Amino acid sequence: MGLWTLLEGFLLLANALAILNEERFLAPRGWSFSEVSTSGGAKTMKGQIIGLIYAAQYLRVPLIVLNAITILVKLISG
């Protein structure tokens, strides 16, 4: 496993976090950002994970660019 494979794995994880929908997936399970921020649970592990999910959703445009670069590199290198 090389560095490129590891970076691709992190990119896939970021993509998975970015596509989670709050209304349809997160809120029914109690993982909404408003629920954690009102209860003061931002310091808990659950609050940190929810913050990571929202950070990935906020950075969708850079993820699109990184996905395009990854696809181009894979097409060129084979």
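Helices (H or I, at least four residues) and strands (E, at least two) are DSSP runs, numbered from the N terminus.

**View 1. Residues 1–18 of the predicted model.** UniProt, in an unreviewed entry, lists residues 1–18 as "signal peptide"; such annotations may be inferred rather than shown by experiment. The span is 89% helix and 0% strand, with its end C-alpha atoms 25 Å apart. Residues are numbered from 1 along each chain as its sequence is written.

**View 2. Packing of helix α1 (residues 3–18) against α5.** The axes, lines fitted to C-alpha atoms over the stretch in contact, are 11 Å apart and meet at an angle of about 140 degrees, on a scale from 0 to 180 degrees between N-to-C directions. Contact (heavy atoms within 4.5 Å) involves residues including Trp 4, Leu 11 and Ala 18 of α1 and Leu 63, Leu 66 and Val 73 of α5. The contact residues comprise 7 nonpolar, 3 polar and 3 charged. Here Ala, Val, Leu, Ile, Met, Phe, Trp, Tyr, Cys and Pro count as nonpolar, Asp, Glu, Lys and Arg as charged, and the others as polar.

**View 3. Helix α5 and the residue after it.** The 18 residues of α5 should span 26 Å at 1.5 Å a residue (times one less than the number of residues), which agrees with the 25 Å between its end C-alpha atoms. Gly 78 follows α5 and has a positive phi, near 100 degrees.

Key: Predicted model: local features only at pLDDT ≥ 70, side-chain atom pairs only at ≥ 80, totals over all residues. Heavy atoms only, no water.
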